[in-house]
Amino acid sequence: MSEPVSDHDLQAYADGNLPEERRAAVAAWLAAHPEDAERIESYRRIGEEVRSTYHGVLHEPVPERLQRVIRSGGGRRMAMVAVWIVLGAALGALGAWQLRSMQPAPAASADAAAAMAHRAVVAHATYSPEVRHPVEVGADQEAHLVAWLSKRLGTQLRAPKLDGVGYSLVGGRLLPGENGPVAHFMYQCNRGTRVTLYVRSDMGANRSTAFRYAREGNVGVFYWVDSKLGYAVSSADISKEDLLNVANAAYQQLNPP
Amino acid sequence: MNEAQRLVELIPRLRRYARALVGDRATADDLVQDTLERAWAKLHLYRRGTDLRAWLFTVMHNVHVNRVRASRLTDPLEDEMPELAQRAPQGDALLVRDLDRGIARLPAEQRAVLLLVTLEEMSYDQVARTLGIPIGTVMSRLSRAREKLRASMLGQPVAAKLKVVK
């Protein structure tokens, strides 16, 4: 026997954690020391008893409140955090808004689009931290949601599929816009980061703009206008590149070439 | 499979460990809920490709320590004191009750090591990383926990000192 047998070896032997090359040495030790052998056997039995005592818990139905933590992206504590985040984001957005009002007005056509982007940012900051009521109609009723918003906006809308870029539809709601109803779709990735798509249908005919980016507070927004439809894709706390990736996926589906 | 789905799949194991750790079902599920909320909020700190279960048990350990600390603010307990307020024995069979009571009487840090090794069947190295303690500490806590449990199940006082063969 090369090395003496230690208590560590005996514990590891009981747990099956001992390297192959030590096992024979410990087995030989135990054969010669019945008191240790009895002790190790009782350790092994304790392990079995512990496992069998609590085994049933694995097969109990998981309480709804525990599943809801993951499904809704947080619980009571997260709700408080969310309140602070939305306050912070709203203040940031307001600050940026005021700053902007002191800058020279952009060209007229871009102005309406920029105003839409601001509203989209405020809507994002308002609704995306919502834990309990992020949307009015959930993704489980997607067909109803799209039909309802299409009817209210007076044009056929679509909720783009963003699963390819890691975001799945949470649902949507109807919002008041500058001159009429606005559709608001919310998406979420598996880390709980949310992206919202803001759609208005009263941008005026025959006017289209390129893809633009703006940032207010911690909310970034990509927006564009396609004849009477205006779109804005907003998110907080993801990089401009990541947001561009999501906005591109939405753009390609909403404005097929 | 994404992290959210894997978290959901690990809930039964968290509940099992929490039940053994704190005893009654409601307190155990409160601990699991706090753990899931914290894990969900801190998921960006989890490094992809590493052991999500070990990470989750680390989160649970930290949440548990904070909860125990908060409940002890007015009543600091010594290392070797059983947390009887935290841990109410349960079970119906006599053996189960004995085992459960034995576990309940272990000092919290010994109980955690014993349960991670026996229930979760973690390696000593995983236990050390999960609890943020040296592996030597894992071994000594495991050894002490087992001796106490063995003695309490045999209805005997704990042997004064473990024989350590050098």
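Okay, let's start where the two chains meet: 35 residues of chain A are in contact with 41 residues of chain B. Keep in mind that this is a predicted model.

So who does the touching on the chain A side? Four elements each give two or more residues to it: helix 1 (7-15), helix 3 (34-54), helix 4 (64-71) and helix 5 (76-101) of chain A. Helix 3 of chain A puts in the largest share, nine residues. And if you sort that side of chain A by class, you get 15 nonpolar residues, 13 polar ones and seven charged ones.

Now let's move along chain A to helix 7, residues 142-153. Helix 7 of chain A has 12 residues, and from first C-alpha to last it reaches 16 Å, close to the 16 Å you'd expect at 1.5 Å a residue.

Which residues of helix 7 of chain A are buried? Those are A:Leu145, A:Leu149 and A:Leu153. They sit on the same side of helix 7 of chain A because they cover an arc of only 50° around the axis. The background here is the usual one: an α-helix has 3.6 residues a turn, so residues three or four places apart point the same way.

What covers those buried residues of helix 7 of chain A? The cover includes strand 1 (137-138), strand 2 (168-176) and strand 3 (181-188) of chain A.

Flip to the face of helix 7 of chain A that is turned away from the buried side, and you find the exposed residues A:Ala143, A:His144 and A:Lys151.

One last detail for your viewer: just after helix 7 of chain A comes A:Gly154, with a positive phi of about 70°.

Definitions and conventions: Residues are numbered from 1 along each chain as its sequence is written. Chains are lettered from A and ligands numbered from 1 in the order in which they are written. This is a predicted model: local features need pLDDT of at least 70, side-chain atom pairs count only at pLDDT 80 or more; totals for chains, interfaces and linings use all residues. Two residues are in contact if their C-beta atoms, placed from the backbone, lie within 7 Å. Ala, Val, Leu, Ile, Met, Phe, Trp, Tyr, Cys and Pro count as nonpolar, Asp, Glu, Lys and Arg as charged, and the others, Gly among them, as polar. The expected span of a helix is 1.5 Å times one less than its number of residues. A residue is buried if 20 or more other C-beta atoms lie within 10 Å of its own, exposed if 12 or fewer, and partly exposed in between; C-beta atoms are placed from the backbone. The arc is that of the directions from the helix axis to the C-beta atoms.
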